[in-house]
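User: I'm new to reading protein models. Could you take me through one part closely, the nonpolar core around a buried leucine, and show me how it fits into the rest of the chain?

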Amino acid sequence: MNVTRQTTVAEIASTMPRAIPVFQKHGIDFCCGGRRSLAEVCNESGVGFETIVGEIETAGLEPAGSETDWATEPLGALIDHILSRFHAGLKDELPRLQALAEKVATVHGANHPETLPALRDTFGALKTELDAHLEKEERVLFPYVRELETAARGLRPAFSIPLGLATGAIGVMEREHEVAGLALRTIHRLTEGFRPPDDACGSFRALYAGLEIFEADLHRHIHLENNVLFPRAMGMERRLGG
């Protein structure tokens with residue numbers, strides 16, 4: 001891929017998945033804010049454009065692993081991957097991290113009043129948002145996208161859901177992703193990049209370590225939906241006349 005100053009971060013992340021760790025290293029938003037040009041985000045983050053391009057090119061030279069190119073796989077397979085790799089994990093991690101945040105805030109909140117109560121409340125609100133978000137995707141949007149793909153293959157002419165849902169529903173999902181992205185940035189700021197203080201106990205450190213993994217996973221999750229699944233689904237719907 002020829003990366004120019006006008007190439008968006010989302011285009012790079014979608015075409016070259018091995019560039020994602022480069023973006024994560026430099027704190028560049030490749031999911032919710034991925035539709036901005038690389039030059040713009042480099043200027044904003046204070047990282048040299050040529051530096052980033054060089055690191056992306058180096059990452060692209062590494063031997064290919066087993067990572068799937070989801071830009072070309074069937075949408076049904078991508079949905080299955082999102083469900084098994086991300087949704088299932090979130091359903092385990094969200095309650096676990098919420099309980100841990102509550103415990104740490106209760107025990108250490110008096111010593112860290114500017115951080116831990118806000119961290120607990122921010123994560124709790126994010127959990128509530130994500131719980132509802134996952135259900136909408138699993139009950140409405142994902143089944144509809146599967147039907148889109150089936151119809152596109154000419155295997156079944158009728159929809160159980162009226163044609164035309166994707167664009168509106170995806171707009172809602174993307175706005176909810178933006179809310180989640182704001183919450184992640186707040187959590188990152190409150191934890192000072194997931195660096196526990198010197199007086200942190202084991203649970204305190206486990207919370208910060210868990211939140212760091214949670215952030216990285218949610219960024220990849222949102223990237224696959226915003227930059228791969230959603231554009232492909234809307235394109236398929238347009239071709240079918242929705």
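Analyst: Happy to help: here is the setting, then the core and its leucines, and then some residues elsewhere.

This is a predicted model, in which local features need pLDDT of at least 70 and side-chain atom pairs count only at pLDDT 80 or more, while totals for chains, interfaces and linings use all residues. Residues are numbered from 1 along each chain as its sequence is written, and side-chain values use heavy atoms, leaving out hydrogens and water.

Let's start with the whole chain. It has eight helices and zero strands; helices (H or I, at least four residues) and strands (E, at least two) are DSSP runs, numbered from the N terminus. For 242 residues, a compact globule would have a radius of gyration near 18 Å, and the chain's 20 Å agrees with that. That radius is taken over C-alpha atoms, and the globule rule is 2.2 Å times the number of residues to the power 0.38. Along the principal axes, the C-alpha atoms fill a box of roughly 60 × 45 × 30 Å. Of the 242 residues, 45% count as buried, where buried means under 20% relative accessible area, exposed over 50%, and partly exposed in between (1.4 Å probe, protein chains only).

Now to the core itself. A nonpolar core is a set of buried Ala, Val, Leu, Ile, Met, Phe, Trp, Tyr and Cys residues joined through side-chain atoms within 4.5 Å. The largest one here has 28 residues, and those touching the most other members are Leu 119, Leu 126, Leu 207, Leu 211, Phe 214 and Leu 218. Two or more residues of this core come from each of α5 (75-108), α6 (116-152), α7 (165-190) and α8 (202-239). Another core, of 22 residues, lies apart from it and includes Leu 78, Leu 141, Tyr 144 and Met 236. In soluble globular proteins, nonpolar side chains tend to be buried together.

Let's zoom in on Leu 119, which is found in helix α6. Its relative accessible area is 2%, so Leu 119 is buried. Not counting residues up to four places away in sequence, Leu 119 touches Ile 187, Leu 190, Thr 191, Leu 207, Tyr 208 and Leu 211; contact means heavy atoms within 4.5 Å. Leu 119 and Ala 101 are 18 residues apart in sequence, and their C-alpha atoms are 7.4 Å apart in space. Ala 101 also appears among the contacts of Leu 207, which touches Leu 97, Leu 100, Ala 101, Val 104 and Leu 119, with residues up to four places away again left out.

Next, look at the loop between α7 and α8, where you will find Glu 192 and Phe 194. Most residues other than glycine have a negative phi. Glu 192, however, has a positive phi of about 55 degrees, and the phi of Phe 194 is also positive, near 65 degrees. Glu 192 counts as exposed because its relative accessibility is 52%, whereas Phe 194, at 8%, counts as buried.

Finally, follow helix α8 to Met 234. Met 234 is buried, with a relative accessible area of 17%, and leaving aside neighbours within four places in sequence, it is in contact with Thr 167 and Ile 170. The C-alpha atoms of Met 234 and Asp 199 are separated by 50 Å, with their positions 35 residues apart along the chain.
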